[in-house]
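Here is a short structural report. Please look over the sequence and the model first.

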Amino acid sequence: MAQNLQVPLLKLSGIGKSFSGTRVLHQIAFEVLPGEVHAVMGENGAGKSTLMKILAGIHLPDTGSMKLNGQEVKFFSPSDALKGGISIIHQELNVVPEMSIADNLALGNEPRTRLGLLDRRKVETEAREKLARVHSNLDPLQSMGSLSIGMQQVVEIARAVAQDSRILILDEPTAALSTSESSQLFELIRKMRSDGMGLIYISHRMQEVWELADRITVLRDGCLVSTSHRVDTSQHIVVNDMIGRDIESLFLRDERKIVPGGLSVSGLGDGKRIGPVSFEVRSGEVVGLFGLVGAGRSEIARLIFGADQVRLGSVSVDGSRVIITDPPSAIAAGIGLLSEDRKGQGLLLNRDVIDNVALPSFGSFQRFGVLQFGRIRSAVRAVSDRLKIKSSSDSQLVSELSGGNQQKVLVARWLEIKPRVLIMDEPTRGVDIGSKAQIYRTVNELASEGTAVLIISSDISEVLGISDRIIVVRDGLLSGEFNGLVATEEALMLSATGIEKPNSESGAEPQKRSRT
Amino acid sequence: MSSEKSVKVQDKESPGKSGFRFDTFWDRWGILGVLTLLIIYMSLFAPFFLSFGNAFNVAQSISVNAVLAAGMTVVILTAGIDLSVGSMIAVSGVGCVIFLNLGVPPVLAVLGGILLTTLAGLINGLIISYLMLPAFIVTLGALTYLRGIAYSLTDGKPVPIDGESPLQFIGSGAIFGVPTTVLMMATIYLLLWFVLERTRYGRHIYAVGGNKEAARLAGIKVKRVLTSVYVISGLTAGIAGIMFASRVRSGQVTGGEGYELDAIAAVILGGTSLFGGRGRIFGTLVGAVIIGVLSNGLILMGVPFYTQLIVKGAVIVLAVALDYFKGRPRS
């Protein structure tokens, strides 16, 4: 029964890979046992994705050997990997939303009748079987597009399992999932584990890894740093392994002078689902806005910023009332919004770093209507240095940067408008730990310089670590207010879910809703 | 905090020159390579191709298309399209000649013709950005109704310019030996380059084309930008219409039929992405020159017109394919 005696489903040794002279993987040893969830962690650029691409047959390793069930193999193409029983669930799902679940499951492998026509009935029954294998009772005739992302993911997993995959690689599977969808996914992962599958789990989220993984492998700069059983290690050790130094103070708190001014919101709402809400973020203060997915956190931010039209209530900046009708007027009032959807609502992927950073502030770099590129470049370079943005040049396309650096580009964009109020919606989602630390450092600096910072986050440890004060939203209304230094996870969760007594320590009653 | 172990590749000195980037350099180089090969080929095989006179010929013959394509580039940079520019050539030309024949001073007549299409562009732009209808459909409609307006204005007949008019200077005059239309074309390209690369508005055009929502949340008035590019396209189409009319010395109701497609071809040949946000104005000029050199060379070689069409179409597809595989960084 001893786990060590099992033949690994997959065993890599001495794997190395270089791209045009740059070594991206060096001497990697890695194995997956049947019935194991093996987490792979590392900063962006540590080599995780290259390693996974090797497993998936996209890249051929330069050195080393790969054994499946004790047999030496070589994958020359993704279909070799599939035949070997390895499937990947990518971060971006690979589905056809217009087609039904059954059609999606049959895609590329459609059963035919004797006449060579599509066998609709068989498509459907096979789909039912495939779904049953992942313990799902979805209706196969439902269209894929009508499913939530979480459900679509389940269908993708069903497709992988149906191909008799014994090893499933999950790449940041919870990035787009709500909390309840995530826990359903974890349930499924545990079932697959007890079915004897080997699961490779890639995630930035320490909590998830801790909840799921049997073993954790950490990569850094293309090298293997450690592989340890979860029970033998600690989150602190893993984080240190990932960044290669001690990260005592991920969350910094300089002496902050919190003074009146900053942002003041009263009676804000969209007249429907959100509000009215009233709160303040004073100058030099970092306020965390916590809530469950769908509680209305981002909506509140968008209302303040004028990104959505309908609004009630008023907004003041530094004590004077500002009329905000659209983003330009918010920016003119000194408010910046780092939006949560980096690619959809933030970046210009096919433009360079300069264009992305300077986008809202081009106006302050012109003379007689002509842009002064010398000044723009030096400003962008200064802010890139401040945020330690890693790019080959400031005219590199942002699509070629890592997620963490892309996020820092967006932070830089808002620093450039010299905001009085900066709202950051999920500022560190999908970001490696080094960039995360840098973003926290910047938030701390901003506050010390007297900016009012509102941080929206579903990462509870982030909210607790960074905020002077925390406000909680539930169903579009404020449901609690906490001192950031003494608040606890439990108290925040209670306030966010409303399951227990509604009163928090500061005793904020949920504000009355004007209409439903 | 202690030493950040950042592997900084940041090169502080090199990215100095304005907008110089290897990939865009490739972009430009790819299509210039096609043009160079084409010119070498034509010089070897087309009689009289390689001469100053013929170079001016080519320049003059492409000027109308190049001016149309300049405005089209700005529209396509926002991921839009303007199919109505061919009909605008007729509207502006016919309008201008009618004004002239009514005794309006030539300068005002020219401006009047251009104003008509600029207004048409404004209407296109307003419908596209404020009613949020697809540009393809809106400008397809405009293609038809603008042609209809041109027909109605003249009862379907061409209107010749009465007597001598300074308008002809545009079509057949020259300054220091350079044809007027060529100078106009050059001026428009320089102006648009300046606007796109050196003004805030230009950067906003790229941003809107790259990601509308991101642009909006960065404080850009997206609807205004979207409307304005169709105004620019109407303006350049109006100017092209005047150039056309002054060359044929009349307002032609059928003038410019199908020109929108040549303009789009020039833009795409020039490396501008139909999905918006990527491209450059001088690429379009190179694209227009390729089309011009090709037609001119084939005529000089005595290739029959029908065959010319086949070759022209094939070269367009080939050039775009080449450029796509060689230069474009994978998106």
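The sections below go from domains to core, helices and single residues.

## Basis

This is a predicted model. Local features were taken up at pLDDT of at least 70. Side-chain atom pairs needed pLDDT 80 or more.

## Domains of chain A

The domain assignment splits chain A into domain 1 (3-243), domain 2 (249-334 + 419-516) and domain 3 (349-416). Domain 2 is thus written as two segments, 249-334 and 419-516. The centres of domain 1 of chain A and domain 2 of chain A, taken over C-alpha atoms, lie 36 Å apart.

In the contact between these two domains, domain 1 of chain A supplies 10 residues and domain 2 of chain A supplies 7 residues. On the domain 1 side, helix α8 (residues 235-243) of chain A gives the largest share, 3 residues. By class, that side of domain 1 of chain A holds 4 nonpolar, 4 polar and 2 charged residues.

## The nonpolar core

Which residues have the most contacts inside the largest nonpolar core? They are Tyr201(A), Ile335(A), Ile423(A), Val453(A), Ile455(A), Val67(B) and Leu68(B). This core has 235 residues. Its largest share, 15 residues, comes from helix α10 (residues 222-248) of chain B.

Ile335(A) shows the local packing. Residues up to four places away in sequence are not counted here. Ile335(A) touches Ile304(A), Phe305(A), Val317(A) and Ala330(A). Pro419(A), Val421(A) and Ile423(A) are also among its contacts. Ile423(A) is itself one of the residues with the most contacts inside the core.

## A helix crossing in chain A

Two packed helices are described by the angle between their axes and the distance between the axes. Helix α4 (residues 120-133) of chain A and helix α5 (residues 149-162) of chain A have axes that come within 8 Å. The axes cross at roughly 100°. The range for roughly perpendicular is 65 to 115 degrees, so α4(A) and α5(A) are roughly perpendicular to each other.

From α4(A), the contact uses Lys130(A), Leu131(A) and Arg133(A). From α5(A), it uses Ala158(A), Arg159(A), Val161(A) and Ala162(A). By class, the contact has 4 nonpolar, no polar and 3 charged residues.

## Chain B at a glance

Chain B has 13 helices and 4 strands. Of its 331 residues, 48% count as buried. Consider the contacts in chain B with a separation of 6 or more: residues 24 or more positions apart account for 79% of them.

Helix α11 (residues 259-269) of chain B is mostly covered, with 10 of its 11 residues buried. The buried residues are Tyr259(B), Glu260(B), Asp262(B), Ala263(B), Ile264(B), Ala265(B), Ala266(B), Val267(B), Ile268(B) and Leu269(B). Glu260(B) and Asp262(B) are included in that list. Just after α11(B), Gly271(B) takes a positive phi of about 90°.

## Two buried sites in chain B

Ile62(B) sits in helix α2 (residues 52-77) of chain B. Is Ile62(B) buried or exposed? It is buried, because 26 other C-beta atoms lie within 10 Å and the threshold is 20 or more. Beyond residues up to four places away in sequence, Ile62(B) touches Ala288(B), Val289(B), Ile291(B) and Gly292(B). Ser295(B) is 233 residues away along the chain, yet the C-alpha atoms of Ile62(B) and Ser295(B) are separated by 9.8 Å.

Gln252(B) lies in the loop between β4 (250-251) and α11 of chain B. Gln252(B) is also buried, with 23 other C-beta atoms within 10 Å. Leaving aside neighbours within four places in sequence, Gln252(B) contacts Ala90(B), Gly93(B) and Pro158(B). Gln252(B) and Pro158(B) are 94 residues apart along the chain, with 4.8 Å between their C-alpha atoms.

## Positive phi outside glycine

Most residues other than glycine have a negative phi. Gln27(A) has a positive phi near 50°. Gln27(A) lies in strand β2 (residues 22-32) of chain A. With 13 C-beta neighbours inside 10 Å, Gln27(A) counts as partly exposed.

Phe48(B) has a positive phi of about 65° and is not a glycine. Phe48(B) lies in the loop between α1 (22-45) and α2 of chain B. Phe48(B) counts as exposed because it has 9 C-beta neighbours inside 10 Å, and the limit for exposed is 12 or fewer.

Notes:
Residues are numbered from 1 along each chain as its sequence is written. Chains are lettered from A and ligands numbered from 1 in the order in which they are written. A nonpolar core is a set of buried Ala, Val, Leu, Ile, Met, Phe, Trp, Tyr and Cys residues joined through C-beta atoms within 7 Å. Axes are lines fitted to C-alpha atoms, for helices over the stretch in contact, and angles run from 0 to 180 degrees between N-to-C directions. Angles under 35 degrees count as roughly parallel, over 145 as roughly antiparallel, 65 to 115 as roughly perpendicular and the rest as oblique. Ala, Val, Leu, Ile, Met, Phe, Trp, Tyr, Cys and Pro count as nonpolar, Asp, Glu, Lys and Arg as charged, and the others, Gly among them, as polar. Domain bounds come from an automatic or database domain assignment.
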